[in-house]
Amino acid sequence: MITKRRCSVDKAATIEEVRQTVTPPIREIVGEPRSPHFCQTSAADPVQSQGRPAPSQARPHNKDGCRRSSLLHENLVMDGCFVGIDVSKAQLDGHVLGRQSFQHPNSPAGIAQVVTLLQALPVTLVVVEATGGLEVPIARALQKAQIPVAVINPRQGRDFAKASGRLAKTDRIDAETLALFGQSLRPRPQALPDEQTVALDAIVTRRCQLIDMRTMEANRLQQTADVKVRKNLEKHLEWLNDHIDDVDRELGAAVKNNPAWQVRDELQQSIPGIGAGVSRALLAGLPELGRLASRQLAALVGLAPFARDSGQHKGKRHIAGGRSQVRAMLYMGAWSAARSKTPLGDFYRRLRAKGKEAKVALIALAHKMLTIANAVVRTGQAYDASRHGANLVNV
């Protein structure tokens, strides 16, 4: 009897102890549910510590297991005012994240309406894609209104959309994606070049187009046997040569009329391999020269080699992106410098003697020329082989 009584007492105490360890059920969970793929139990988990499984673990295929709470989403959206504008030839599609969408024609009147709309909002950042120059009027208007704007590469915006799971593509969706891009990655607003630099860049671009046409017409002349067609090609080549000379004189006059450009042009042309054409391409296409670090400039132009490593695999380095016109002109300048009897030419020949491919050595030489040009413009001292060529001896 005594033994049975002791057992009943111990059983009642055990039941009472279990009751005290069980907590009342929770009616609402605030925050993001745990991933259904995470199966470990942690005492720090507010759901697991209540003595019951998380909803995402109880129903792993339920959509609620992967959905953010509305409160968390509002906190993300309201963290600043971010705007995305998709620019096309006819219209401007915009989206103010968490607020509204808008659409206006891509005209001076439409641009003014967009600026007026955004001036009434506490805009943190406006993100616009580069679309072959169509984005310049709206970006310049926003800058004049002191609204921060970042012009990004379209590839970045599209890759971000794919990474976000946005496979559909419309102007309105693109505008919202650009706003999310600005909120997530916070690209730094950059200053657009002044109107004189934009005009000079347009002339330099036209000169490159004329040279490309002259090269194509010269190739056709070599492949054509018909007399009548050859005369037509020769006449066109003569016109192209005259027109290129006119553009060169126009570029020379533009540089002479700008004292700052004239000083910089003289400094740049003091470097072996950089002639008038390359120097003016740097003036028009790389106004940041002398103000940024050499690594930043190399990435900006597209002369920085990027790694392709994974595990034990060591991939070959490649250059990618950047300002193709400036890179092409520096590459042509590297051809000239490689044939010179200067430290730059010796640098190229050492690379070739070590087994580097010709294009790899030329890209490395163009990279060095850009680094030297940056130092020359920053210090205001012309190229000196004894000073600027010293770091090329032991490479």
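**Reading a predicted fold, one feature at a time**

Author: Let's start with one residue: Arg 207 is buried, its relative accessible area being 18%. Before we go on, this is a predicted model, where local features need pLDDT of at least 70, side-chain atom pairs count only at pLDDT 80 or more, and totals for chains, interfaces and linings use all residues. Residues are numbered from 1 along each chain as its sequence is written, and side-chain values use heavy atoms, leaving out hydrogens and water.

Reader: What does buried mean in terms of relative accessible area?

Author: Buried is under 20% relative accessible area, exposed is over 50%, and partly exposed is in between, using a 1.4 Å probe and protein chains only. Of the 395 residues of the protein chain, 34% count as buried.

Reader: Back to Arg 207, then. Which residues does Arg 207 touch?

Author: A contact here is heavy atoms within 4.5 Å. Leaving aside residues up to four places away in sequence, Arg 207 touches Val 247, Asp 248 and Leu 251. Arg 207 lies in helix 8. Helices are DSSP runs of H or I with at least four residues, strands are runs of E with at least two, and both are numbered from the N terminus.

Reader: How many helices and strands does the protein chain have?

Author: The protein chain has 16 helices and seven strands. Helix 8 also holds Glu 195, which is exposed at 54% relative accessible area. Glu 195 touches Arg 140 and Lys 144, again not counting residues up to four places away in sequence. The C-alpha atoms of Glu 195 and Arg 140 are 9.8 Å apart, although the two residues are separated by 55 residues along the chain.

Reader: How do I read a nonpolar core? Which residues touch the most other members in the largest one?

Author: The idea is a set of buried Ala, Val, Leu, Ile, Met, Phe, Trp, Tyr and Cys residues, joined through side-chain atoms within 4.5 Å. The largest nonpolar core has 45 residues, and Ile 271, Leu 330, Leu 365 and Leu 370 touch the most other members. Elements giving two or more residues to this core include helix 8 (195-223), helix 9 (227-256), helix 13 (324-338) and helix 15 (358-379). Helix 15 provides the largest share, eleven residues. Click on Ile 271 and look around: not counting residues up to four places away in sequence, Ile 271 touches Leu 344, Met 369, Ile 372, Ala 373, Val 376 and Tyr 383. Apart from this core lies another, of 19 residues, among them Val 83, Ile 85, Val 96 and Val 114.

Reader: Now a pair of helices. At what angle do helix 4 and helix 5 pack?

Author: Two packed helices are described by the angle between their axes and the distance between the axes. Axes are lines fitted to C-alpha atoms, for helices over the stretch in contact, with angles running from 0 to 180 degrees between N-to-C directions. Helix 4 and helix 5 pack at about 40°, with their axes 10 Å apart. Helix 4 brings Ile 111, Val 114, Val 115 and Leu 118 to the contact, and helix 5 brings Pro 137, Ile 138, Ala 141 and Leu 142.

Reader: Which residues of helix 5 are buried?

Author: In helix 5 (residues 136-144), those are Ile 138, Ala 139, Arg 140 and Leu 142. Among the elements they pack against are strand 1 (82-87), strand 4 (125-129) and helix 8.

Reader: What about the backbone just after helix 5?

Author: Most residues other than glycine have a negative phi, and most peptide bonds are trans. Gln 146 is not a glycine, yet has a positive phi of about 60°. Gln 146 sits in the loop between helix 5 and strand 5 and is exposed, at 74% relative accessible area. Arg 186 is another non-glycine residue with a positive phi, near 50°; Arg 186 lies in the loop between helix 7 and helix 8.

Reader: Last feature: how many aromatic pairs are there?

Author: Rings of Phe, Tyr and Trp (its six-membered ring) pair if their centres lie within 6.5 Å; planes under 30 degrees apart are stacked, over 60 edge-to-face, and the rest tilted. The count is two aromatic pairs. Phe 160 and Phe 181 have ring centres 5.4 Å apart and planes at 85°, so this pair is edge-to-face. Phe 160 belongs to helix 6 and Phe 181 to helix 7, 21 residues apart. Phe 181 is buried, at 4% relative accessibility. Tyr 331 and Trp 335 are edge-to-face too, with centres 6.5 Å apart and planes at 85°.
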